[in-house]
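Here are a few friendly notes to read alongside the model. Take them one at a time, and keep the viewer open as you go.

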2 protein chains.
Amino acid sequence: MSNQDEQLLHYVEEFGLFFEQFGLARTAGRMLGWLLVCDPPHQTMDELMEVLQVSKSSISTTSRMLIQSGLVNKVSFPGERKDFYRVSDDAWVKAWLARNHQTIAMRQLADRGLALLPEAELDRRSRLETMRDLYKFLEEELPKLTERWLEERAKSA
Amino acid sequence: MSNQDEQLLHYVEEFGLFFEQFGLARTAGRMLGWLLVCDPPHQTMDELMEVLQVSKSSISTTSRMLIQSGLVNKVSFPGERKDFYRVSDDAWVKAWLARNHQTIAMRQLADRGLALLPEAELDRRSRLETMRDLYKFLEEELPKLTERWLEERAKSA
DNA sequence: CTGTTTGTTCAGTATTGACCGAACAAACAG
DNA sequence: CTGTTTGTTCGGTCAATACTGAACAAACAG
């Protein structure tokens with residue numbers, strides 16, 4: 001194994017650990033990391049098993065999850081029986097949009113709490129209102145930011 | 001127990017489950033949820049034990065973590081030996097800032113990967129560049145958004 | 001100084017979930 | 001039809017971790 005491959009594998013581990021912080025499975029992070037640096041960009045299950053040193057079943061389960069979340073695509077080629085996996089072109093926009101959705105969920109959560117507190121108890125409501133106001137603001141502003149990014153991206157391409 | 005208390009406890013459970021999604025411990029989410037709706041806003045360990053039905057040691061560990069993350073403050077009162085816990089005034093801004101920091105970490109992660117790939121292999125670098133470009137954009141724009149929020153907040157207060 | 005209140009730390013337990021190997025299913029080649 | 005390739009599903013195992021109870025430490029009251 002070349003020196004560069006060794007460094008890349010180390011990097012892939014780092015990638016796995018990083019995404020583990022966010023509740024993603026270790027293997028999912030590693031697979032994503034490898035698919036970002038591998039050559040060619042599309043890889044088979046066998047190749048992933050070999051590189052990441054995990055079982056076929058892990059690859060199967062993990063890839064299904066990554067595909068479900070939109071970060072990875074399954075690709076096929078004529079005359080080739082194996083499936084290939086590669087990172088989605090818009091993987092990171094998808095990831096970013098998923099986080100925007102979380103802010104909506106936060107605002108909704110705050111609202112559900114406020115619905116349980118009497119209108120009259122102003123002081124008691126203020127904590128949840130602070131929460132709701134921030135996430136409401138983000139709920140409105142983040143899509144604009146995303147839009148700006150997509151435009152800027154389209155221009156430079 | 002009143003009907004409202006029952007609904008609130010249900011809500012607190014919901015809160016716990018929601019934050020569990022993000023890797024936060026169940027109890028931490030429950031505690032945060034309760035501290036958002038309780039009356040008065042400051043609560044003792046004993047009260048939290050009673051309401052959340054968890055051990056003293058759990059409250060101790062969990063509160064320390066929540067204080068560490070800046071979401072909760074420890075408060076005391078003259079002539080009162082017990083400690084009180086309450087949600088921090090700027091808890092949600094803190095939470096939001098923590099997420100901004102994650103985008104920085106993402107950009108750095110992408111850059112570390114790019115450092116391992118030869119300058120010449122343009123195709124191979126493009127995946128990581130896509131990742132880095134988005135998070136670079138967010139790294140620059142999110143602080144501006146936060147700033148706007150703080151100004152708006154200051155005005156209406 | 002003695003006993004009580006308050007909070008932290010630690011060893012043990014239980015639950016969750018990621019991973020593996022094997023059995024299975026489906027598609028294809030000969 | 002038969003055997004091979006490819007991928008999924010499922011039961012079992014192992015590791016991580018949240019939680020508990022008990023022992024401990026620290027601060028205070030009498």
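1. A useful term to begin with: a residue is called buried when its relative accessible area is under 20%, exposed when it is over 50%, and partly exposed in between, using a 1.4 Å probe and protein chains only. This is a predicted model, in which local features need pLDDT of at least 70, side-chain atom pairs count only at pLDDT 80 or more, and totals for chains, interfaces and linings use all residues. Residues are numbered from 1 along each chain as its sequence is written, chains are lettered from A and ligands numbered from 1 in the order in which they are written, and side-chain values use heavy atoms, with hydrogens and water left out.

2. With that term in hand, look at A:F137 and B:W149, which are both buried. Their ring centres are 5.0 Å apart and their planes meet at 40°, so the pair is tilted. Rings of Phe, Tyr and Trp (its six-membered ring) pair if their centres lie within 6.5 Å; planes under 30 degrees apart count as stacked, over 60 as edge-to-face and the rest as tilted. This pair crosses between chains, running from helix α6 (residues 122-156) of chain A to helix α6 (residues 122-156) of chain B. Helices are DSSP runs of H or I with at least four residues, strands are runs of E with at least two, and both are numbered from the N terminus.

3. Now find A:W149 and B:F137, another tilted aromatic pair, with 5.1 Å centre to centre and 40° between the planes. A:W149 is in helix α6 of chain A and B:F137 in helix α6 of chain B, so this pair also joins two chains. Both residues are buried.

4. How many aromatic pairs does the structure hold over all chains? The count is 18. Ring pairs also link A:Y11, A:F15, A:F18, A:F19, A:F22, A:W92 and B:Y135 into a cluster.

5. Next, the two copies. A turn of 180° and a shift of 0.0 Å along the axis lay chain B on chain A with an RMSD of 0.1 Å, and the copies are thus related as by a two-fold rotation axis. The superposition is by least squares on the C-alpha atoms of residues with pLDDT of at least 70 in both copies.

6. Finally, visit A:D89, in the loop between β2 (84-87) and α5 (91-114) of chain A. A:D89 is exposed, with a relative accessible area of 62%. Leaving aside residues up to four places away in sequence, A:D89 touches A:N73 and B:T130, where contact means heavy atoms within 4.5 Å.
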